[in-house]
Amino acid sequence: MATGGDLLPPLAPVARITLWHTMLRIRRFEETVERLFLAGELPGFVHLCIGQEATAAGACAALRIDDYITSTHRGHGHTLAKGADPARMMAELFGKATGVCRGRGGSMHIADFSVGMLGANGIVAGGLGLAAGAAMSIKLRGTAQVALAFFGDGAANRGPFHESLNWAAVYRLPVIFLCEHNQYASTTSARSLTAVEDIADRAVAYAIPSVVVDGNDAEAVYEATRVAVERARSGEGPSLVECKTYRLRGHYVGDPTTYRDREELERWRARDPLLLLEYRLLQEDPTRAEELQRLRAAVEAELEAAVAFARTSPLPEAASALEYAFIG
Amino acid sequence: MDTIGAERELTYAEATREAMQEEMRRDPTVWLLGEDIALQGGIFGQFQHLPQEFGFERVVDTPISEAAIVAAAVGAALTGTRPVVDIHFADFLTCAMDEVINQAAKISLMFGGQARLPLVIRAPSGMVRSAAAQHSQSPEAWFVHTPGLKVVAPSTPADAKGLLQAAIRDDGPVIYFEHKALYTLRGPVPTADVEPIPIGRAAVRRKGRDVTIISYSRTVHDAMAAAEALQSAHAIGAEVIDLRSLWPWDSETVLRSVRKTHRVLIAHEAPRVGGFGGEVAATLVEEAFDYLDAPIVRLGAPHTPIPFSPPLEQQVRVTAAQIVAAVRAMG
């Protein structure tokens, strides 16, 4: 499978600016969450996707609002990129009754069904089978939707990854498996405990076309995902898109990251996905600086409002702890 | 007693098939998936003829991938369909435990009620014909212990149909335990115009004044045989309650009976240790202590995996004779 660069028209400038804007919204959301967590304002624990914004933004830009995604324990970026309201997301992280999951899920179980976001997942590889099932439902109902599962390099070592790929292939499901290879499974380098360099190699075993792209290049992620989405929508079955990226923060907020060296971090920092696209946009047309500046201000205003909403929202009534435990 | 809408008889396996057939006719989003169900008709014949009527899109043969089967069913249930999963043997639920426990059971709460999850997992359980340790287990207590799941275990063909229909129409995940030894059992089964049996309602199978025998699934039939023997040989009137649903369970019907009989025996095929009988006994002690004239007796399998050889298998199964002896020993 090609990256799609030859098959698709180049992204219009406005769409590229939107990609950058989405990445900035994710970056600033995550930086804000980090600050709030360290200040003791957020319960639980959080996993940040700083450094991986291009995969969320690029992949979701290739989807429609009624398409489905499933996500990982590092799912804020995916949720935002799919179109969730940052204020209700922030309220969820605060454990507030106004949160998108009414304070029942928190960071690791954030979901917004109204935009096709079927949930982050605290279980590594938990989302792949769910996306395959959503794709089966799409086929049964005869709609033109697709489902996309984000997963990490660590998930590729769990059984459900293998079962889901075979499953999607034999039923030719409209599903995209999007691997965010961020180099670390929790605190362990992928290189040390994964037998292959590219997760995409494993797709061969399931007769699924795959591609490896620069996961810090939002446009490349978008293009590869778009080819996979077209395949899925036209009934040609599943694809695997592997995005090589890097987790610029630790596994969780507070992780001392003693397992990696500074040089590696600096190397990836120099390839920051936001800077990459910003550089490209400005090099082509320096007058865009004003537009980007305006968007920066808009992002800050949106976040400020989100935090204010979360802070001032009520906590759930303690007596409602059992609500939603059972359906019906 | 149950309303029986017609005189015709079906086997337990046929009754489950009729339930699926009727539900698939009334709702095009109902579909079935599992190993060997479409071309083979299910290893116990419970899916025969369904692909001919509904097609292979709605009766789906799957790979031996229990984790993917349940995960896919969860994903499909979240997005507007009503999947009915067949797990070959209840023992194999262990291969999909994460999908059942961490996904299906928790999704409603985790997502703050955003999700409907109309999912049925059919799980053939119990001992039959020396199926040995990995094909004989009665693991229902694990699932009762997991908040978010409903658990049913019908004992008759009529209940097999009615509870499967109720499970399919339920908007949440239901684990449906069907005992393998019951598949060939024949009994009256209501026709299509009868309402499904509500989940959470027990059935009083036999009236009696002297002792309440509480059971579910196959062991109900041992309890009934014991009750007949107690009556004819010892003039002891046993009331037999078939719980049918384990979560939610009908404590009201049980309490009403116990307040009348003052003696309780609970019998199930699952191990006694940590079995559902413990939950029933504890509830009765909490709610009806003053009505009890004797200690509650629990019968269940001893704490062992199920052995293979016929006399060994028979040794760990709760029988009518054991129930009779235990009731007589209550004094």
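Colleague: How many residues of domain 1 of chain B are in contact with domain 2 of chain B?

Modeller: Keep in mind that this is a predicted model. Chain B is assigned domain 1 (9–188) and domain 2 (203–329), and their centres, taken over C-alpha atoms, are 26 Å apart. Domain 2 of chain B brings 22 residues to the contact, and the number from domain 1 of chain B is 24.

Colleague: And how many residues on that side of domain 1 of chain B are nonpolar?

Modeller: Elements that each supply at least two residues to that side include α7 (157–169) and β7 (174–179) of chain B. Setting aside the seven polar and three charged residues there, the nonpolar count is 14.

Colleague: Which helix gives the most to the largest nonpolar core?

Modeller: That core has 206 residues, and B:Val70 is among those with the most contacts inside it. From each of the two domains of chain B, the core draws at least three residues. The top giver supplies eleven residues, and that's helix α3 (residues 66–78) of chain B.

Colleague: Is α3(B) largely enclosed or open, and how many of its residues are buried?

Modeller: A residue is buried if 20 or more other C-beta atoms lie within 10 Å of its own. Going through α3(B) by that rule, the helix comes out as largely enclosed by the rest of the structure, because the buried count is 13 of the 13 residues.

Colleague: What span should α3(B) have?

Modeller: The helix has 13 residues, and we use 1.5 Å a residue. The sum takes one less than the number of residues. The end C-alpha atoms agree with the expected value, which is 18 Å.

Colleague: Which element gives the largest share of the side of chain B that touches chain A?

Modeller: The contact between the chains takes 35 residues from chain B and 34 from chain A. On the chain B side, α3, α4 (97–104) and α5 (107–110) give two or more residues. The largest share is nine residues, and they come from α3(B).

Colleague: Is A:Pro86 buried or exposed?

Modeller: A:Pro86 is found in helix α4 (residues 86–93) of chain A. Its contacts, leaving out residues up to four places away in sequence, include A:Phe29 and A:Leu303. There are 24 other C-beta atoms within 10 Å, and the cut-off is 20 or more, so A:Pro86 is buried.

Colleague: Where is B:Ala235, and is it buried or exposed?

Modeller: B:Ala235 is in the loop between α8 (219–234) and β11 (238–242) of chain B. Its phi is positive, about 55°, although it is not a glycine. With 12 or fewer neighbours a residue counts as exposed; B:Ala235 has 8 other C-beta atoms within 10 Å, so it is exposed.

Colleague: What about A:Thr257, how many C-beta neighbours does it have inside 10 Å?

Modeller: A:Thr257 also isn't a glycine, and its positive phi is about 50°. It lies in the loop between β7 (239–244) and α10 (262–269) of chain A. It counts as partly exposed, because its number of C-beta neighbours inside 10 Å is 15.

Colleague: Which residues does a cis peptide bond join?

Modeller: Look in the loop between β12 (245–247) and α9 (251–261) of chain B, where B:Pro248 has its place. Omega is about -10° for the cis bond, which joins B:Trp247 and B:Pro248.

Notes:
Residues are numbered from 1 along each chain as its sequence is written. Chains are lettered from A and ligands numbered from 1 in the order in which they are written. This is a predicted model: local features need pLDDT of at least 70, side-chain atom pairs count only at pLDDT 80 or more; totals for chains, interfaces and linings use all residues. A nonpolar core is a set of buried Ala, Val, Leu, Ile, Met, Phe, Trp, Tyr and Cys residues joined through C-beta atoms within 7 Å. Helices (H or I, at least four residues) and strands (E, at least two) are DSSP runs, numbered from the N terminus. Domain bounds come from an automatic or database domain assignment. Two residues are in contact if their C-beta atoms, placed from the backbone, lie within 7 Å. Ala, Val, Leu, Ile, Met, Phe, Trp, Tyr, Cys and Pro count as nonpolar, Asp, Glu, Lys and Arg as charged, and the others, Gly among them, as polar.
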